Every structure is written in C-alpha cells, then in structure tokens.
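I opened a fresh page for this chain today. Here is what I looked up, in the order I went through it.

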Amino acid sequence: MNASTLTSRWPRNGHVFMTLAAAACGVAGAAGAILFRFLIRLFQALFFEGPAGAGAVLEAGFLPEAHDPLAQARALPWWLLTLLPALGGLVVGPLVWRFAREARGHGIPEVMEAIA
C-alpha cells in the first residue's frame with residue numbers, strides 16, 4: 001500500500017487532520033496532567049519528608065494504588081457513586097439560580113454574553 005492509495009481514501013476537507021490533531025491534543029493534555037500530579041507528589045514528599053520520601057514516591061511510580069482516584073472510586077458503594085453527583089447538582093443548581101443567573105445555559109455564546 002503506497003501513500004497515494006492511503007490518501008485517496010481519506011477526504012481532503014481537513015476532517016481527518018482535525019480529528020487526529022484533537023486526539024493528539026487530548027493525549028498530550030492527559031499525559032501533562034498525570035505528569036503534573038506526579039511532580040506535585042514528588043516535590044511535596046521531597047520538601048516535607050526529605051529525600052527518603054521522594055525516593056518512596058519515585059519507587060511507587062506515576063499512579064500508586066493509594067493515589068489512584070479510579071481505585072478509590074471503585075471502592076465506594078454503588079449508591080454513593082449515584083448519590084454524590086446528584087447532591088452536587090442539588091447544591092450547584094440553587095447557587096447558580098440565586099447568585100449567577102447569567103451562567104445558565106451552555107456553550108460559547110452564553111459564556112461570551114455573561115462576560116460582556
């Protein structure tokens with residue numbers, strides 16, 4: 001399969017490029033977030049526990065079980081996983097209605113109008 005055969009199957013209107021660029025940005029953003037959290041843990045351990053604490057963080061790796069939010073969420077009962085977002089909505093809804101009525105809606109036009 002040569003390059004001309006491969007590119008002849010893809011549309012030339014830029015959707016493929018934009019999709020690949022969006023996926024690459026998402027992967028880079030996720031990797032940056034993981035690295036940022038790791039560096040926060042590393043420097044926190046270094047400054048508060050000394051070199052031994054930093055060494056323990058380095059040995060544990062990027063996502064040790066104690067700091068893995070997915071592992072912590074899996075340990076919660078199912079009803080709590082359902083109840084917590086509902087409680088968050090019950091708290092945020094009245095706050096937005098009372099104090100930030102301009103924040104209702106979604107999308108860029110609503111944000112631009114609220115800023116203006």
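Which pattern does the chain follow when read along the sequence? I get α-α-α-α-α-α. My count is 6 helices and 0 strands. A reminder to myself before going on: this is a predicted model.

**Entry: the chain as a whole.** I looked up burial and found that 10% of the 116 residues count as buried. The exposed area comes to about 9600 Å², and carbon and sulfur atoms supply 72% of that. I also checked contacts between residues at least 6 apart in sequence: 20% of them join residues at least 24 apart.

**Entry: helix H3.** Next I went to H3, which spans residues 51–60. Which residues of H3 are buried? I noted Gly53, Ala54 and Val57. These three lie on the same side of H3, because the arc they cover around the axis is only 100 degrees. Turning to the other side of H3, I found Pro51, Ala52, Leu58 and Glu59 exposed. I then asked what covers the buried residues, and helix H2 (15–49) is included in the cover. One more item for this entry is Gly61, just after H3, which takes a positive phi of about 90 degrees.

**Entry: the core.** Which residues make up the largest nonpolar core? I wrote down 5 residues: Phe38, Leu42, Ala45, Ala54 and Val57. H2 and H3 are the elements that give two or more residues to this core, and H2 gives the most, with 3 residues. So two names from my H3 entry come back here, since Ala54 and Val57 are buried in H3 and belong to this core.

I picked Leu42 for a look at its contacts. Leaving aside neighbours within four places in sequence, Leu42 touches Ala54, Val57 and Leu58. Of these, Ala54 and Val57 are fellow core members, while Leu58 is on my list of exposed residues of H3.

**Entry: the surface.** Last, I looked for a nonpolar patch. I found one of about 850 Å², made by Leu76, Trp78, Trp79, Leu81, Leu83, Leu84, Leu87 and Leu90. I chose Leu81 from this patch and placed it in helix H5, residues 78–99. Why does Leu81 count as partly exposed? Its relative accessibility is 40%, and partly exposed covers the range between under 20% for buried and over 50% for exposed.

Terms used. Residues are numbered from 1 along each chain as its sequence is written. This is a predicted model: local features need pLDDT of at least 70, side-chain atom pairs count only at pLDDT 80 or more; totals for chains, interfaces and linings use all residues. Side-chain values use heavy atoms; hydrogens and water are left out. Patches are made of residues with over 30% relative accessible area and no salt bridge: like charges are joined within 9 Å, nonpolar side chains (Val, Leu, Ile, Met, Phe, Trp, Tyr) within 5 Å. Accessible areas come from the Shrake-Rupley method with a 1.4 Å probe; for residues, only the protein chains shown count as cover. A salt bridge is a side-chain nitrogen of Lys or Arg within 4 Å of a carboxyl oxygen of Asp or Glu. Helices (H or I, at least four residues) and strands (E, at least two) are DSSP runs, numbered from the N terminus. Buried means under 20% relative accessible area, exposed over 50%, partly exposed in between (1.4 Å probe, protein chains only). The arc is that of the directions from the helix axis to the C-beta atoms. Contact means heavy atoms within 4.5 Å. A nonpolar core is a set of buried Ala, Val, Leu, Ile, Met, Phe, Trp, Tyr and Cys residues joined through side-chain atoms within 4.5 Å.
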